[in-house]
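Biologist: I am new to this one. Please show it to me, and let me ask how each label was earned.

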Amino acid sequence: MEKNKVRFGLENLHIAFETAGGGYGTPIRIPGVVGFNVNPDGQDSVFYADNIKYYVRNVNNGYTGEVEIALIPDDIVKEMLGWVRDTNGVLLEDAEGNPKPFALMAQVEGDGHGRRFVYYYCQASRPSQSASTKTETVTPNTETLPLVILPKQFNGKKVVKAVVEPDAETKAIYDAWFDAVYVPDGNPAVVNKEHLEAAIALAGTLTAADYTVASWTALSSALTAAQTIFGNASATQAQVNAATTALQKAILGLEVD
């Protein structure tokens, strides 16, 4: 496969929040990414002897930086920063909220193909925002989210990020990059079926007699498809996500008889 001579552009921004066990949930795509900038954090540790730099060790403390987005969804900000919704559903900036770490994934384009990457342990601060009145032309305001990116432990290694470009060895990993967070030296085909299992369980509590024939038929079809995907050990994360969405939509579409 042809190698890139240059890289440019940015797209396919995803984040995946850490779970209680140190793993990750399903990556969430955030549209409208404008820019992503990071600067290395760390400095050389120098030991002098014989009137020279006798030993030098680079200290990698990750990065600090920012990601600029057209508009950050409220529910994403809420989970990132530990904000809350009140009893009326209004989003509140909780001054004592606990930020939730997440993996950040995206793709940089090239003249041959895209390079995909993931930073494994990110924490966000409150985004900067601005607003201005409309004039003869409308220029959208963006939001900039400050980031601290730290190393994360995987199998005895402190890893900050991973990058992949497609070739004969990595094509399967590359194609599934945004389905689930890639774990170093792990199995990239591991699929999270937690949300699909919950949707199937919810559908199992419903009764056909309570709903119209048409809406129940649609639910039954979606449920059968979901159960097939759930029982398929070879199902991809994309297939699981699609089956989950279809089943949830069918549940919400039920009409009371």
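Modeller: The largest cavity holds about 30 Å³ of space. This is a predicted model, where local features need pLDDT of at least 70 and side-chain atom pairs pLDDT 80 or more, while totals for chains, interfaces and linings use all residues. Residues are numbered from 1 along each chain as its sequence is written, and side-chain values use heavy atoms, with hydrogens and water left out.

Biologist: What makes a space a cavity?

Modeller: On a 1 Å grid over the protein atoms alone, a 1.4 Å probe must fit at a set of points but be unable to get out. The volume is the space filled by probe spheres set on the points, which are joined across faces, edges and corners. With a threshold of 30 Å³ or more, the count is one cavity.

Biologist: Which residues line the largest cavity?

Modeller: A lining residue has an atom within 4 Å of a point. Among them are Leu 13, Ile 30, Met 80 and Phe 102. Strand 1, strand 6, strand 9 and strand 11 each supply at least two lining residues. A strand here is a DSSP run of E, at least two residues, numbered from the N terminus.

Biologist: How do the lining residues divide into nonpolar, polar and charged?

Modeller: Ala, Val, Leu, Ile, Met, Phe, Trp, Tyr, Cys and Pro count as nonpolar, Asp, Glu, Lys and Arg as charged, and the others, Gly among them, as polar. The lining has ten nonpolar residues, no polar and no charged.

Biologist: Why is strand 9 called mostly covered?

Modeller: Buried means under 20% relative accessible area, exposed over 50%, partly exposed in between (1.4 Å probe, protein chains only). Eight of the nine residues in strand 9 are buried.

Biologist: How do you know that strand 9 and strand 10 pair?

Modeller: Pairing takes at least two DSSP bridges between the strands. Strand 9 and strand 10 have six, in the antiparallel sense. In one of the bridges, Ala 106 partners Phe 117 of strand 10.

Biologist: What makes the link between the side chains of Asn 12 and Gln 107 a polar contact?

Modeller: The rule asks for a pair of N or O atoms within 3.5 Å, one able to donate a hydrogen and the other to accept it. The two side chains meet at 3.3 Å, so the pair qualifies. Asn 12 lies in strand 1.

Biologist: Why is Asp 50 called exposed?

Modeller: Its relative accessible area is 64%, so Asp 50 passes the cut-off. Asp 50 sits in the loop between strand 4 and strand 5, with a positive phi of about 55°. Most residues other than glycine have a negative phi.

Notes
Helix = DSSP H or I, 4+ residues; strand = E, 2+ residues; numbered from the N terminus. 1 Å grid on protein atoms, 1.4 Å probe; cavity = no way out; pocket = protein on both sides within 12 Å on 5 of 7 lines; lining within 4 Å.
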